[in-house]
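Visitor: I'd like to learn how to read a protein model. Could you walk me through one?

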Amino acid sequence: MATALLDDMDIAEYLAVIDRLCARDFPAAQDRFDPGSAGPGYFIAELATRPGRPADDAAPCEQAVEDAHALKEAVSQVLDIRRGRHQPPWSMLTLRVRAERGEQIPEPWSTVSVRTDEVDLWEPDASGRWVAVGVADRDEDDDIRLLAVVTETDPP
């Protein structure tokens with residue numbers, strides 16, 4: 001089971017961020033906000049951040065990645081109760097391949113596909129917005145982040 005990350009987390013706070021984003025107006029142009037970025041029709045929130053990959057020791061990184069995925073699962077379990085069972089994990093590989101072939105992938109899916117390997121995804125509820133949760137751990141030189149995506153853009 002996950003260690004310190006789950007011991008110190010505040011799931012209620014992360015869910016409150018997601019709820020606020022579901023109720024908030026989208027910006028007219030790309031923008032930064034605390035805790036993430038946004039653009040027309042989407043928000044990408046960085047719910048939790050853990051130190052990235054130390055160059056001299058892979059073990060702490062592996063534990064941080066495991067912890068981040070355990071946190072994602074904990075958030076997903078609560079979202080399942082609130083929004084209904086999420087779809088099977090949605091792989092970002094197809095979107096990356098399509099982008100490499102020159103296809104335009106709409107935001108936020110373009111950004112999320114290069115940062116995560118997969119997301120848990122919930123269809124729109126009364127808010128009309130998709131919600132996705134994933135772990136950004138693809139960049140070995142960057143920190144590990146738990147991401148929440150709120151968007152009106154259907155996944156491509």
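Guide: Sure. Let's start with one idea we'll need for the sheet: two strands count as paired if DSSP finds at least two bridges between them. Keep in mind that this is a predicted model. As a first case of a bridge, Gly36 stands opposite Ala45 in S3.

Visitor: Which strand pairs with S3 in the antiparallel sense over 4 bridges?

Guide: That's strand S2, residues 36-39. Another of the facing pairs is Ser37 opposite Ile44 in S3. S2 and S3 make a hairpin, with 2 residues between them. Look at Gly41 in that turn: its phi is positive, about 85 degrees.

Visitor: Let me step back. How many helices and strands does the chain have?

Guide: There are 5 helices and 7 strands. Reading from the N terminus, the order is α-α-β-β-β-α-β-α-α-β-β-β.

Visitor: And how do I read a sheet?

Guide: The general idea is that strands of a sheet pair through backbone hydrogen bonds, either parallel or antiparallel. Here the 7 strands form an open sheet in the order S1-S2-S3-S7-S6-S5-S4, and the pairing is antiparallel.

Visitor: Which strands are the edge strands?

Guide: Strand S1 (31-33) and strand S4 (90-91), since each of them pairs on one side only.

Visitor: How many bridges join S3 to S7?

Guide: You'll find 8 of them, with the two strands running antiparallel. Two examples help you trace the pairing: Phe43 has Val150 in S7 as its bridge partner, and Ala48 has Leu146 in S7.

Visitor: What about the other neighbour of S7?

Guide: S6 and S7 are antiparallel too, joined by 7 bridges. Ala132 is partnered with Val149 in S7, while Gly134 is partnered with Leu147 in S7. Going on from S6, strand S5 (residues 116-122) is joined to S6 by 5 bridges, again antiparallel. Gly134 turns up here as well, as the bridge partner in S6 of Val119.

Visitor: How do I work out where the side chains of a strand go?

Guide: In a regular strand the side chains alternate between the two faces of the sheet. Try it on S7: Ile144, Leu146, Ala148 and Val150 point one way, and Arg145, Leu147, Val149 and Thr151 point the other way. S6 can be read likewise, with Trp130, Ala132, Gly134 and Ala136 on one side and Val131, Val133 and Val135 on the other.

Visitor: Why is S7 said to be largely enclosed by the rest of the structure?

Guide: Because 8 of the 8 residues of S7 are buried. The cut-off for buried is under 20% relative accessible area. S6 is largely enclosed as well, because 7 of its 7 residues are buried. For the whole chain of 156 residues, 44% count as buried.

Visitor: What does a nonpolar core look like here?

Guide: The largest one has 30 residues, and Ile18, Leu47, Val75, Leu79 and Leu146 touch the most other members. Helix H2 (11-23), strand S3 (42-50), helix H3 (58-83), strand S6 (130-136) and strand S7 (144-151) each supply at least two residues of this core. H3 gives the most, with 8 residues. Apart from this core lies another, of 14 residues, including Ile105, Val112, Trp130 and Ala136.

Visitor: Which residues does Leu79 touch, not counting those up to four places away in sequence?

Guide: Leu15, Ile18, Gly84, Trp122, Val131 and Val133. As for how a helix sits on the sheet, H2 lies across S1, S3, S6 and S7, and runs at about 170 degrees to S3.

Visitor: One last residue: is Arg83 buried or exposed?

Guide: Arg83, found in helix H3, has a relative accessible area of 19%, so Arg83 counts as buried. A polar atom of the Arg83 side chain lies 3.1 Å from the backbone oxygen of Glu123. Leaving aside neighbours within four places in sequence, Arg83 is in contact with Cys22, Trp122, Glu123, Pro124, Asp125, Ser127, Arg129 and Val131.

Visitor: And contacts across the whole chain?

Guide: Take the contacts with a separation of 6 or more: residues 24 or more positions apart account for 61% of them. On the outside, the chain exposes about 8,200 Å², and carbon and sulfur atoms supply 47% of that.

Methods:
Residues numbered from 1 in each chain as written. Predicted model: local features only at pLDDT ≥ 70, side-chain atom pairs only at ≥ 80, totals over all residues. Heavy atoms only, no water. Buried < 20%, exposed > 50% of the residue type's maximum accessible area, 1.4 Å probe, protein only. Contact = heavy atoms within 4.5 Å. Areas by Shrake-Rupley, 256 points an atom, 1.4 Å probe, with all protein chains shown as cover. Core = buried A, V, L, I, M, F, W, Y, C linked by side-chain atoms within 4.5 Å. Axes fitted to C-alpha atoms, helices over the stretch in contact; angles between N-to-C directions. Polar contact = N/O pair within 3.5 Å; in protein donor to acceptor, adjacent residues only side chain to side chain.
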